[in-house]
Amino acid sequence: MNDKQTVTEAPCETGRQVLNDDLRERIRAYLPRYPSPRAVVLPALHLIQQELGWVSPQAVRELATLLGIPAPEIQDTLSFYGFFKQQKPLGKYRVWVCRSLSCAICGGEDLLGYLQEKWRIEPGDTTADGRFTLEAAECLGACEMAPAVLINESIHARVTREKLDEILDQLP
Amino acid sequence: MENFEPVLLANIHRPDSHTLAAYEATGGYQTLRRALRELSPAQVVDEVRRSGLRGRGGAGFPTGLKWSFLPADHPGPIYLCVNADESEPGTFCNRVLMELDPHQVLEGTILSAYATRATTAYIYLRYEYPLALRRLQAAIDEAYAAGYLGKNILGSNFSLDVYIHRGAGAYICGEETGLIESIEGKRAWPRSKPPFPAVEGLFRKPTVVNNVETLACVKHIVERGADWFRTIGVPPAPDDPRDPGSFGPKLFCISGHVNRPGCYEAPLGISCRELIEKFGGGVWKGRRAKAVVPGGLSTGLLSADELDVPMDFVGPVQKGCLGLGTGGVIVMDETYPIIEFLHNSCRFFAHESCGQCTPCREGTSWALQIVRRIKAGRGRLVDLDLLLEIADNIGIIPGTTICGLADGAAWPMKTAIRKFREELEDYIKRTNPTGYKIRRPVPALDNGTCSQKGSSVSFQA
């Protein structure tokens, strides 16, 4: 149903594509779900970040060509969602410490400060070894588990400093 | 309350409650089967309208009325967006439904799509719910395989496709037109209304946006009838012709300083105190409550002597709160400083303001700067008036912004300052004994951090 995206794909500046064929195929698979290729931008950005760890300017240009929409439109969307990293790749583990009210009043602020000191980084940054990215989360929607920490796709409940150390040490 | 049987959470404790087999074993999808055979879309709309169901996502708009705004005889397509971007601090009831009874949500979605003649439904799911994503996707796959989704559902003329669209960590996507923009692949800037989504929504087509819990209610209304639904909850106030009442069961999320935080179901109109005592197990550590957020952070604060308020669409408003909101109850005990609440709330909204409307963007970020300075021990008494001035002038209610995010930012400020002014003034005097009376402008903190005196002020663990 979507033939709008059949634009000839221009060779990229570096001469080497960052979006491989498999990733392109998975992005294209979203096209039939929506009447407009621009609606695929968010699912595509998720796939790109999942695969490459970040969304580089080169990836934005290639996605623009793939979807047949201007790169600045993608950049406009991309820059709105703090979720996507535009500077450098995420660490192996993205650690979200909830700092919204329910978690904050049960020790979430303390956990966040603890990890900042432990890793000597600010929220949003990645440890030098590329293992952890620390994030201050706005309400993870896990308030009954306060304080909650989301590590990649796993939520951890009623976390303390000791429990957090244990969880982090056990990560492969 | 005495005879209340859970409706929405009735099956979540059964083994494998998230699977199709478990759902069908409790009569799941029988309502859909019957509706497709016996009811016209208009009859479903009418039943929902008569039930008095109001949206569970925060605004409380009557669902049937919202549906009736769709143009009749539109050639289509019409879209249904399921708002699963649950991001209001203190709220997690949609997550519980999607993780533990996703087919109930789907059956409500399919019935609502049938009623509104939508042929595609997008479930806008916040990114932070990975388990809900897996459960919901598995449920969708099962429903397609069983013929509850796809072409000619159960042999009828009705067809529906359902897709999950994952968000990317932006609170504003819970606003219905922000959600629509986000699905379209744009920054989630809410649209000016009118036109309302029912007339011109997703991809410029007629669109209905409903919350997950609202759709789950629809399933039960179609199953058991509007009259049954109206036996639960609170009828309209006889002296207020504009009050449509607060009918039906509601999920309440209780968190913070309580013994048993969790998601509980009760009829609308239960008192806040009963929720905290009976369901939440009371305030933790044998302490008393100082303040309670009744319905998610945006709704503001109840003080300890206001806890008998009925939790319906009217009660919290009568206590100066923004509304019932999402039913996310957050309890703060007597040792918790209100300045910390104010700081937490201002930081949240400054971070989540989408930046489109100047009063909200600037108002929330200046409020945060002022509160940070107060917290760091450089506050002035006049700062409280300054904060009130900001709070009274940002939002839909004063008419200065496109969406209600700024109202949500304003109410915690207004209620905290108006209900706890003495404590805040004491804090300012205590932490800034030489400067609290100053009226002239004072410098903001460097980078918003506590550089001078403030370095000794630390977060309350």
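Which residue in β8(B) is the bridge partner of Cys253(B)? In this predicted model, the residue of β8(B) that takes this place opposite Cys253(B) is Cys263(B), and the first of the close-up views below shows the strands concerned.

**View 1. Strands β7 and β8 of chain B pair in an antiparallel arrangement.** Strand β7 of chain B, residues 249–256, is joined to β8(B) by six bridges, and the connection between β7(B) and β8(B) is a hairpin of five residues. Within this pairing, Cys263(B) in β8(B) is the bridge partner of Cys253(B). Strand β8 of chain B covers residues 262–267, and because six of its six residues are buried, the strand is largely enclosed by the rest of the structure. Gly262(B), Tyr264(B) and Ala266(B) point one way from β8(B), whereas Cys263(B), Glu265(B) and Pro267(B) point the other way, and the residues of both sets are buried.

**View 2. Phe61(B), Leu65(B) and Phe69(B) make up a nonpolar patch on the surface.** Together these three residues, Phe61(B), Leu65(B) and Phe69(B), have about 260 Å² of accessible area. Phe69(B) is placed in the loop between α4 (63–68) and β1 (79–84) of chain B, and with a relative accessibility of 42% Phe69(B) counts as partly exposed. Phe61(B) likewise counts as partly exposed, at 36% relative accessibility. The aromatic contacts that involve this patch belong with those of the next view.

**View 3. Aromatic pairs number 20 over all chains of the structure.** In one of them, the ring centres of Phe80(A) and Tyr81(A) are 5.0 Å apart and the planes stand at 80°, so the pair is edge-to-face. Both Phe80(A) and Tyr81(A) are buried. Phe61(B) and Phe69(B) also form an aromatic pair, in this case a tilted one, with 6.1 Å from centre to centre and 50° between the planes; Phe61(B) and Phe69(B) are both members of the nonpolar surface patch. Elsewhere, ring pairs link Tyr34(A), Tyr79(B), Tyr122(B), Tyr163(B) and Phe203(B) into a cluster.

**View 4. Salt bridges number 45 over all chains, and among them is the one between Lys193(B) and Glu175(B).** The closest N and O atoms of Lys193(B) and Glu175(B) are 2.6 Å apart. This pair links distant parts of the chain, 18 residues apart, with Lys193(B) in the loop between α8 (176–183) and β4 (207–211) of chain B and Glu175(B) in the loop between β3 (161–166) and α8 of chain B. Lys193(B) counts as partly exposed because its relative accessibility is 25%, while Glu175(B), with a relative accessible area of 17%, is buried. A network of salt bridges links Glu181(B), Glu184(B), Lys186(B) and Arg191(B).

**View 5. Glu200(B) and Arg204(B) meet through their side chains in a salt bridge.** The N to O distance in this bridge between Glu200(B) and Arg204(B) is 2.9 Å. Glu200(B) is partly exposed, with a relative accessible area of 29%, and Arg204(B) is also partly exposed, with a relative accessible area of 47%.

**View 6. Asp383(B) and Arg373(B) form a salt bridge.** The closest N and O atoms of Asp383(B) and Arg373(B) lie 2.9 Å apart. Asp383(B) belongs to helix α15 (residues 381–393) of chain B and Arg373(B) to helix α14 (residues 358–378) of chain B, so the bridge ties together parts that are 10 residues apart in sequence. Asp383(B) counts as buried at 0% relative accessibility, and Arg373(B) counts as buried at 5% relative accessibility.

**View 7. Helix α16 of chain B is mostly covered.** This helix, α16 of chain B, consists of 15 residues, 405–419, and reaches 22 Å from its first C-alpha to its last, which is close to the 21 Å expected at 1.5 Å a residue. Of the 15 residues of α16(B), 13 are buried. Asp407(B) lies in this helix and, with a relative accessibility of 4%, counts as buried. Between Asp407(B) and Asp392(B) there are 8.8 Å in space, C-alpha to C-alpha, and the two residues are 15 residues apart in sequence.

Key
Residues numbered from 1 in each chain as written. Chains lettered and ligands numbered in written order. Predicted model: local features only at pLDDT ≥ 70, side-chain atom pairs only at ≥ 80, totals over all residues. Heavy atoms only, no water. Patch = residues over 30% accessible without salt bridge, like charges linked within 9 Å, V, L, I, M, F, W, Y side chains within 5 Å. Areas by Shrake-Rupley, 256 points an atom, 1.4 Å probe, with all protein chains shown as cover. Salt bridge = Lys/Arg side-chain N within 4 Å of Asp/Glu carboxyl O. Helix = DSSP H or I, 4+ residues; strand = E, 2+ residues; numbered from the N terminus. Buried < 20%, exposed > 50% of the residue type's maximum accessible area, 1.4 Å probe, protein only. Pairing = 2+ DSSP bridges. Expected span 1.5 Å × (residues − 1). Phe/Tyr/Trp six-rings, centres within 6.5 Å; stacked < 30°, edge-to-face > 60°.
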